[in-house]
Amino acid sequence: MKCKKGPLFFNISGSLFWGLIGMTIAVSLNSCSNPSVPDPGTAYVPEGYTLVWQDEFNYSGAPDEAKWAYSLGGNGWGNGEAQFYTDKRTNSYVDKGILTIKARNENGLWTSARIKTQYKADWTYGYIEVRAKLPKGIGTWPAIWMLPTFDSYGGWPRSGEIDIMEHVGFDPDVVHTTVHTQSYNHKIGTQKNHHALIQGATDGFHLYAIQWDEESIQWFIDGKLFYQFKNEHTTSAVWPFDKPFYLIINLAIGGSWGGQKGIDKNLQEASLEVDYVRVYQKL
């Protein structure tokens, strides 16, 4: 038996003493058939936001093709990464309510997956929440991040990048959050970012979220404010974040950052696990 998880909304109307009262009840049921996934506890959705898109991964097989596409190929992805991204079930699959993105050492050649909502769903502003368990292993480099659907202000980094969560396996309990713009990016050493210790990031599931509006992007981990980048109200070189962005989830191996301390020669596979993805907006 598999229990349905995620926010379920339904209406109940009935008689209560002297009149008919309409009630809307929101019920959240989570992972009751999968004890390896602890209950996420309190929801942290800001007041006034409504669920507009979600994947609860309540199915089996490949990621839902109506919601997710793949980036495919190798060639380092601009960062000297070692993996080749595929759309094979061995690298990305859904089972027992969990999306797994698995990097595999196949006779010395690494394969993995990078899934995205590009041309299927994008958003300008909102509260975006991903519940995930990060991989173990020196050389791993998982990310949950966003890119613009269109390069309205020019190629990277002019049109922006929002890194909801990044992690490198050689620093297992540290989580990073970053924005990249023309004025603020790592190529010129001006990136706006924050990192901090998150105990158990690779041992259990945590909530990684942003609240993005006209004034700022705020990052939250397990409901606690982690970092904030404010709109300076100058030019798009500083704030290109007024256009639609899509979501990407991937697991890289090695590269300019993930591979700074090499790739563990004994590492044969690593997994990024995702319990759900939810997007809320003010309507």
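**Figure 1. Ring pairs link seven named aromatic residues, Y125, Y184, W212, F229, W239, F241 and F245, into a cluster.** The structure shown here and in the following views is a predicted model. Tyrosine, tryptophan and phenylalanine side chains contribute to this cluster, among them Y125, W212 and F229. One of its members, Y184, also carries a charge over its ring: the charged end of K192 lies 4.6 Å from the ring centre.

**Figure 2. W53 and W123 form an edge-to-face aromatic pair, one of 14 aromatic pairs found in a search of the whole structure.** The ring centres of W53 and W123 are separated by 5.5 Å, and the planes meet at 65°. This angle makes the pair edge-to-face because the planes are over 60 degrees apart. W53 belongs to strand β3 (residues 50-55), whereas W123 is located in the loop between β9 (114-116) and β10 (126-133); the pair therefore ties together parts that are 70 residues apart in sequence. W53 counts as buried, since its relative accessibility is 13%. W123 is likewise buried, with a relative accessible area of 6%.

**Figure 3. W219 and Y227 form a tilted aromatic pair.** The centres of the two rings, W219 and Y227, lie 5.3 Å apart with their planes at 35°, so the pair is classed as tilted. W219 is buried at a relative accessible area of 0%. Y227 is also buried, and its relative accessible area is 17%.

**Figure 4. R278 is positioned over the face of Y276.** The distance from R278 to the ring centre of Y276 is 3.5 Å.

**Figure 5. An open sheet is built from seven antiparallel strands.** The strands follow the order β4-β9-β18-β11-β12-β13-β14. At the edges stand β4 (69-71) and β14 (192-197), each of which pairs on one side only. On average, and with direction ignored, neighbouring strands of this sheet are turned by 15° against each other. Strand β9 (114-116) of this sheet also borders the loop that holds W123, the loop being between β9 and β10 (126-133).

**Figure 6. Strands β12 and β13 run antiparallel and are joined by four bridges.** Strand β12 comprises residues 161-166, and strand β13 comprises residues 174-180. Within this pairing, E166 stands opposite H176 in β13. In the order of the sheet, β12 is placed between β11 and β13, and β13 is followed by the edge strand β14.

Methods. Residues are numbered from 1 along each chain as its sequence is written. This is a predicted model: local features need pLDDT of at least 70, side-chain atom pairs count only at pLDDT 80 or more; totals for chains, interfaces and linings use all residues. Side-chain values use heavy atoms; hydrogens and water are left out. Rings of Phe, Tyr and Trp (its six-membered ring) pair if their centres lie within 6.5 Å; planes under 30 degrees apart count as stacked, over 60 as edge-to-face and the rest as tilted. Helices (H or I, at least four residues) and strands (E, at least two) are DSSP runs, numbered from the N terminus. Buried means under 20% relative accessible area, exposed over 50%, partly exposed in between (1.4 Å probe, protein chains only). A charge sits over a ring if NZ of Lys or CZ of Arg is within 6 Å of the ring centre and within 35 degrees of the ring normal. Two strands pair if DSSP finds at least two bridges between them. Axes are lines fitted to C-alpha atoms, for helices over the stretch in contact, and angles run from 0 to 180 degrees between N-to-C directions.
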